[in-house]
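Here are a few notes to read alongside the model. They go point by point, so keep the structure open while you follow them.

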Amino acid sequence: MKFTNAQEVIEYLYSLPHLHPKNDLSFIKRLLKELGKPQDKVKTIHITGTNGKGSTSYYLANLLKKAGQKTGLFVSPYVYRFNERIQLNGEDISDHDLVNTANIVQAASEKIKRQDLDFSLVTFEYEVALAFVYFAQEKCDYAVIEVGIGGEHDKTNVIMPEISIITTIGLDHEQIIGPTIQDIAREKSGIIKHARPVVLGNVPQDVLPILETKASEKHAPVFRLGQDFTVQVNQQIIYQTRQTKLKFNLRPQVEAYDIAVAVKAFSLLNLKLDAFQIETAINQTTIPGRYYVLQKQPLIVLDGAHNIQAMTNLLNVIHAQAQKRQGHLYVLITMMKDKDLEQVFDLFNSADEVLLTSLNYPRVAKKNDFPISVQRRYNYEGDYRTGFTKLKEKMTSNDILLVTGSFYLVSAVLNWKGKCDAS
């Protein structure tokens, strides 16, 4: 089979299964070996965490690019189009390169399958292979690799990174890598490698020993937020170590953690950037689908928060904004049906007007997938466009409309509205 255009590649990818019967790395390792181990031809930084791994990946990639490094970036999910998943120096992979790379991966996969009928790939394995082949072909100096889910068993965990990063740990994907937060910490600690530094972000104290024990076993130096480097948020974000003090434009507290982790990791690579260049690179970084301001008056914000930790952080910021503006908060939300739906909805204030919606995607919750208590509390509008329009029509200039719960919903609204600049 030979692909002729990008749409064929993407349709084929999404026709593949999502999970193997056994949760190991044997299939992806076999494929990468057939491809000549492209993952070993590029220096990598490996990033996991319940939240913040995407933002940290973007900040770090921008710092590397600013330092003159040819920089690959592999992230998920995408907001506008699939090509965002694989980037080079801040540019999405072109359709032409996506097709060429996919044909290389497909040829290797078919060759193995002729020898072993039981060999198969899941969607994410194929995507990981695409990224590594592309970065190797482009002779990247560094590639920033965000895990899909977890760490130890994640399909990206086939690298010996220069640095490992664990941004934070909370409850998400418990069915796959849980059920407890300790189980999740153990799974995420799987990206810690022998004698390679690990940078830890805002990690809960009760799971810190699990990560530190793994680092000790691996003789991996640990650099901890709050101990080896600090970050404070006032009128600016202030990052400090014993030797360094940097100031960044104000962003939400959780973004400050991600910035601090990215800056610390970058400093360990000993690449030359002065303070002004570091501050500029961070300030210029935009994170797709994270606190994206679609409109300023009245304020419309899109954010892909999709678990308890992320939603708590987001609502802290949004509720503070609503209070400051003396306005009302409207929320358009859908979520994946496998998330902690009831607990997330407990985070809203009684005054918030929340409208449930859905998308034409198998994992997205439909009306009856929401808990009965949530269905009773809030109205449902199956078409997100109708829901968005209804809420927007109710708003006065002081109000806020928040679109959240899923990157799929953020993506749908952005693609419907087009790439609007804040106005």
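**Notes on the predicted model**

1. Let's start with Ile-10. Setting aside neighbours within four places in sequence, Ile-10 is in contact with Phe-82 and Leu-98. Bear in mind that this is a predicted model. Ile-10 sits in helix α1, which covers residues 6-15. Phe-82 is 72 residues away from Ile-10 in sequence, yet their C-alpha atoms are 7.5 Å apart in space.

2. Is Ile-10 buried or exposed? Its relative accessible area is 13%, so Ile-10 counts as buried, the cut-off being under 20%.

3. Next, have a look at the pair α3 (residues 53-66) and α9 (residues 253-267). Their axes come within 8 Å and cross at roughly 40°. That angle lies outside the ranges for roughly parallel, antiparallel or perpendicular, and α3 and α9 are therefore oblique to each other. As for handedness, the crossing of α3 and α9 is right-handed.

4. Which residues make up this contact? On the α3 side you'll find Ser-55, Thr-56, Tyr-59, Leu-60, Leu-63 and Leu-64. They meet Glu-255, Asp-258, Ile-259, Val-261, Ala-262, Val-263, Ala-265 and Phe-266 from α9. By type, the residues of the α3 contact with α9 split into ten nonpolar, two polar and two charged.

5. Now the sheet. Six strands form an open sheet with mixed pairing, in the order β12-β13-β17-β14-β15-β16. At the edges are β12 (292-295) and β16 (379-383); each has a single partner strand, so one side of each is left without a neighbour in the sheet. On average, neighbouring strands of this sheet are turned by 25° against each other, ignoring direction.

6. Zooming in on one pairing: β13 (residues 299-302) and β17 (residues 400-404) run in the parallel sense, paired over four bridges. If you want a place to check the register, Leu-299 has Ile-400 in β17 as its bridge partner.

7. What packs on the sheet? Helix α11 (residues 308-325) does, touching β13, β14 (329-333) and β17. The direction of α11 makes about 170° with that of β17. Helix α15 (residues 407-417) packs on the sheet too, and touches β12, β13, β14, β15 (353-358) and β17. For α15, the angle between its direction and that of β17 is about 120°.

Terms used. Residues are numbered from 1 along each chain as its sequence is written. This is a predicted model: local features need pLDDT of at least 70, side-chain atom pairs count only at pLDDT 80 or more; totals for chains, interfaces and linings use all residues. Side-chain values use heavy atoms; hydrogens and water are left out. Two strands pair if DSSP finds at least two bridges between them. Helices (H or I, at least four residues) and strands (E, at least two) are DSSP runs, numbered from the N terminus. Axes are lines fitted to C-alpha atoms, for helices over the stretch in contact, and angles run from 0 to 180 degrees between N-to-C directions. Contact means heavy atoms within 4.5 Å. Angles under 35 degrees count as roughly parallel, over 145 as roughly antiparallel, 65 to 115 as roughly perpendicular and the rest as oblique. A crossing is left-handed if the near helix is turned anticlockwise from the far one by less than a right angle, and right-handed if clockwise. Ala, Val, Leu, Ile, Met, Phe, Trp, Tyr, Cys and Pro count as nonpolar, Asp, Glu, Lys and Arg as charged, and the others, Gly among them, as polar. Buried means under 20% relative accessible area, exposed over 50%, partly exposed in between (1.4 Å probe, protein chains only).
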